[in-house]
Amino acid sequence: ANAEKQRQQLLADTAHDLRTPISIMQSHLEAMIDGVFPPTPDNLGTVYEETLRLGRLVNDVRTLSLAEAGQLPLVRQSVVLSDLVAHAFQPLAEADGIQLQVQLAATPPILADALRLHQVLANLIANALRYAPQGSQSPPQVTIRVDNQVDGILVSISDSGPGLTPEQQAQVFDRFWRSDAARS
């Protein structure tokens, strides 16, 4: 019953996330058709950006359904994790006025799917960037650290946000779980 409730909430969240770019595209196009907005490169660019966002959301839903069915393909190749992290996320932080610190140890190559690994890191970092401004530190700060360990490579991401309660920490890796703050 709880899994079904979580699945229904995920569908509701997904529908909301899909509705937003569609609404923006529709309102901008209607305004251009009605002559309220001229079809300038800037106004068309907004619509184009929303189509890209919508495409990413649809791809995310497809990826989730493939993963649930155990059919998500992995393309394993040699990846240097420290290279993958090095500069990929700086523009996101700068756009939000967040100080991003990257502390990288030289890491040996690993056999991994670079696209999926980047996706996981992007989700974690986007989450840190989202919550860092809610902390008391100014400017908000996110730190990404890559270290060699005896039995592998450790990637840690921290932010100056409020953190999670012990109850939230116990649920953070449950399927479909999100904190109330994340949903709002």
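Author: Helices and strands are runs assigned by DSSP, with at least four residues for a helix and at least two for a strand, numbered from the N terminus. The model discussed here is predicted.

Reader: How many helices and strands does the protein chain have?

Author: The order of elements from the N terminus is α-α-β-α-α-β-β-α-β-β-α-α. In that order α stands for a helix and β for a strand. The totals for the protein chain are 7 helices and 5 strands.

Reader: What does the C-alpha trace of the protein chain span along its principal axes?

Author: The protein chain has 184 residues. Along the principal axes, its C-alpha trace spans about 65 × 40 × 40 Å.

Reader: What percentage of the residues in the protein chain count as buried?

Author: A residue is called buried when its relative accessible area is under 20%. The protein chain exposes about 12300 Å², and carbon and sulfur atoms supply 56% of that area. Of the 184 residues, the share that counts as buried is 25%.

Reader: In which order do the 3 strands form an open sheet?

Author: Strand 2 (99-104) and strand 5 (152-159) stand at the edges, because each has a single partner strand. One side of each is therefore left without a neighbour in the sheet. The pairing is mixed, and the order is 2-4-5.

Reader: What does the twist average from one strand to the next?

Author: The sheet in question is the open one with the order 2-4-5. From one strand to the next, its twist averages 10°.

Reader: Do strand 2 and strand 4 pair in the parallel or the antiparallel sense?

Author: Strands of a sheet pair through backbone hydrogen bonds, in one of two senses. Gln-99 stands opposite Gln-141 in strand 4, and Gln-101 stands opposite Thr-143 in strand 4. Strand 4 covers residues 141-149, and over 6 bridges its pairing with strand 2 is parallel.

Reader: Which residue in strand 5 is the bridge partner of Thr-143?

Author: A hairpin through 2 residues joins strand 4 to strand 5. These two strands pair over 8 bridges in the antiparallel sense. Thr-143 already faces Gln-101, and in strand 5 its bridge partner is Ser-158.

Reader: Which helix packs on the sheet, touching strand 4 and strand 5?

Author: The helix covers residues 114-131. Its direction makes about 25° with that of strand 5. The name asked for is helix 5.

Reader: Is Thr-63 buried or exposed?

Author: Thr-63 has its place in helix 2 (residues 41-68). Leaving aside neighbours within four places in sequence, Thr-63 is in contact with Leu-72, Arg-116 and Gln-119. Its relative accessible area is 17%, and the cut-off is under 20%. Thr-63 is therefore buried.

Reader: By about how much of the helix are Glu-50 and Arg-53 separated?

Author: Glu-50 forms a salt bridge with Arg-53, with the closest N and O atoms 3.3 Å apart. Glu-50 is buried at a relative accessible area of 11%, whereas Arg-53 is partly exposed at 30%. The two residues are 3 apart in helix 2, so the separation is about one helical turn.

Reader: With which residue does the side chain of Asp-147 meet in a salt bridge?

Author: The count of salt bridges comes to 2. In the one that involves Asp-147, the distance from N to O is 2.6 Å. The partner has a relative accessible area of 37% and so is partly exposed. That partner is Arg-145.

Reader: Is Phe-173 buried or exposed?

Author: Phe-173 lies in the loop between helix 6 (166-171) and helix 7 (180-183). With Leu-164 and Val-172, Phe-173 forms a nonpolar patch on the surface, and together they have about 320 Å² of accessible area. The relative accessibility of Phe-173 is 79%, and the cut-off for the upper class is over 50%. Phe-173 therefore counts as exposed.

Reader: How many Å apart in space are Ala-12 and Val-61, C-alpha to C-alpha?

Author: Ala-12 has its place in helix 1 (residues 2-33). At 42% relative accessibility, Ala-12 counts as partly exposed. Ala-12 and Val-61 are 49 residues apart in sequence, and the distance in space is 13 Å.

Reader: What percentage of the contacts with a separation of 6 or more comes from residues 24 or more positions apart?

Author: Contact here means heavy atoms within 4.5 Å. In the protein chain, residues 24 or more positions apart account for a share of 70%.

Conventions: Residues numbered from 1 in each chain as written. Predicted model: local features only at pLDDT ≥ 70, side-chain atom pairs only at ≥ 80, totals over all residues. Heavy atoms only, no water. Pairing = 2+ DSSP bridges. Axes fitted to C-alpha atoms, helices over the stretch in contact; angles between N-to-C directions. Patch = residues over 30% accessible without salt bridge, like charges linked within 9 Å, V, L, I, M, F, W, Y side chains within 5 Å. Areas by Shrake-Rupley, 256 points an atom, 1.4 Å probe, with all protein chains shown as cover. Salt bridge = Lys/Arg side-chain N within 4 Å of Asp/Glu carboxyl O. Buried < 20%, exposed > 50% of the residue type's maximum accessible area, 1.4 Å probe, protein only.
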